[in-house]
Amino acid sequence: MKLLELKELSKNYLTKKKVICALDNINFDINENEFIVLVGPSGCGKSTILSIIGELENKSGGEIKYNKKDIKIGYMFQEDALFPWLTVLDNCMLGLKIQNKVTDENKGYVKSLLKKYGLSSFEKSYPKELSGGMRQRVALIRTLALKPDILLLDEPFSALDYQTRITVSDDVFKIIKEEKKTALMVTHDISEATSLASKIIVLSNRPSVVKNIYEINMDGTNLPSENRKNPKFGYYYNLIWKDLDHYES
């Protein structure tokens with residue numbers, strides 16, 4: 001099922017001297033339970049697409065078609081953005097409080113997620129007491145608390161060291177799959193994209209267009225760390241690298 005369709009999406013920025021076209025005629029679909037990753041040169045507009053879908057920024061043209069009534073969009077930023085003065089549980093409940101949706105049922109759902117993903121014993125802890133990986137899990141649970149149909153992930157592992165990134169990408173991937181969520185993620189890391197995605201969309205330099213869309217099939221739903229060892233990993237990596245190399249030269 002198509003949850004969302006981008007049709008001829010464009011974005012222009014007006015400066016004092018000229019109009020800068022950031023996105024030009026962007027077209028792709030987001031289907032239920034897909035894990036889509038956007039890759040492309042720095043500054044090509046990857047995060048802008050997320051911002052437009054998440055209604056944090058206006059589009060200049062084109063259409064975003066939602067194929068589910070009252071579709072909910074969840075946004076996970078580069079930094080975990082946890083409030084240091086709030087406990088883990090209170091951080092996870094924050095979105096529900098803002099939307100005035102704190103009920104016994106919703107609180108129970110949050111607590112069940114914390115238990116399921118190894119954080120129940122940290123409910124009363126503060127962010128400074130957690131590892132980087134644990135903080136990212138808390139940030140994801142906070143997003144899941146609102147029961148979104150689509151998760152938007154803007155370079156969620158960029159602040160982590162290499163080893164932690166691999167571990168946390170496994171954690172996040174596992175949670176998204178177990179909770180049967182649809183995800184659209186931005187990254188500049190081709191290895192990360194190839195190991196996580198069911199579909200990779202390659203964008204060109206600005207003004208950005210869709211260069212290629214690759215369906216990624218690693219013969220199963222392995223964790224990203226396992227996919228990195230898959231014989232097909234290098235094949236997909238090289239395809240995407242050539243696309244990016246062409247546009248960055």
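At what angle do the axes of helix α4 and helix α5 cross, and within what distance do they come? I shall begin with that question, and I note at the outset that the model before you is a predicted one.

Helix α4 covers residues 132-144 and helix α5 covers residues 162-178; their axes come within 10 Å and cross at roughly 25°. Because angles under 35 degrees count as roughly parallel, α4 is roughly parallel to α5. The crossing of these helices is right-handed.

Which residues make the contact between α4 and α5? From α4, the participants are Gly-133, Gln-136, Arg-137, Leu-140 and Leu-144. They meet Thr-164, Val-168, Asp-171, Val-172, Ile-175 and Ile-176 of α5. By character, the residues of this contact comprise six nonpolar, three polar and two charged.

I turn next to the loop between α3, residues 104-116, and α4, where Ser-125 is found. Is Ser-125 buried or exposed? Its relative accessibility is 12%, and buried means under 20%, so Ser-125 counts as buried. Leaving aside residues up to four places away in sequence, Ser-125 touches Leu-86, Thr-87, Val-88 and Leu-130.

Let us now consider the strands. Strand β2 spans residues 19-31 and contains Ile-26. With a relative accessibility of 0%, Ile-26 therefore counts as buried. Again setting aside residues up to four places away in sequence, the contacts of Ile-26 are Leu-6, Lys-7, Glu-8, Leu-9, Ile-49, Leu-203, Ser-208, Val-209 and Val-210. As for distance across the model, the C-alpha atoms of Ile-26 and Lys-116 are separated by 38 Å, and these two residues lie 90 residues apart along the chain.

The last element is strand β3, residues 35-39. How many of the residues of β3 are buried? The strand is mostly covered, with five of its five residues buried. This holds on both faces: Phe-35, Val-37 and Val-39 are buried on one side, and Ile-36 and Leu-38 are buried on the other.

With which strands does β3 pair? One partner is strand β7, residues 182-186, which pairs with β3 in the parallel sense over four bridges. In that pairing, Ile-36 stands opposite Leu-184 of β7. Another is strand β8, residues 199-203, which runs parallel to β3 and is joined to it by four bridges. Here Leu-38 stands opposite Ile-201 of β8.

To close, I return to the opening question: the axes of α4 and α5 come within 10 Å and cross at roughly 25°. Thank you for your attention.

Terms used: Residues numbered from 1 in each chain as written. Predicted model: local features only at pLDDT ≥ 70, side-chain atom pairs only at ≥ 80, totals over all residues. Heavy atoms only, no water. Axes fitted to C-alpha atoms, helices over the stretch in contact; angles between N-to-C directions. Helix = DSSP H or I, 4+ residues; strand = E, 2+ residues; numbered from the N terminus. Parallel < 35°, antiparallel > 145°, perpendicular 65-115°, else oblique. Left-handed = near helix turned anticlockwise from the far one by under 90°. Contact = heavy atoms within 4.5 Å. Nonpolar A, V, L, I, M, F, W, Y, C, P; charged D, E, K, R; others polar. Buried < 20%, exposed > 50% of the residue type's maximum accessible area, 1.4 Å probe, protein only. Pairing = 2+ DSSP bridges.
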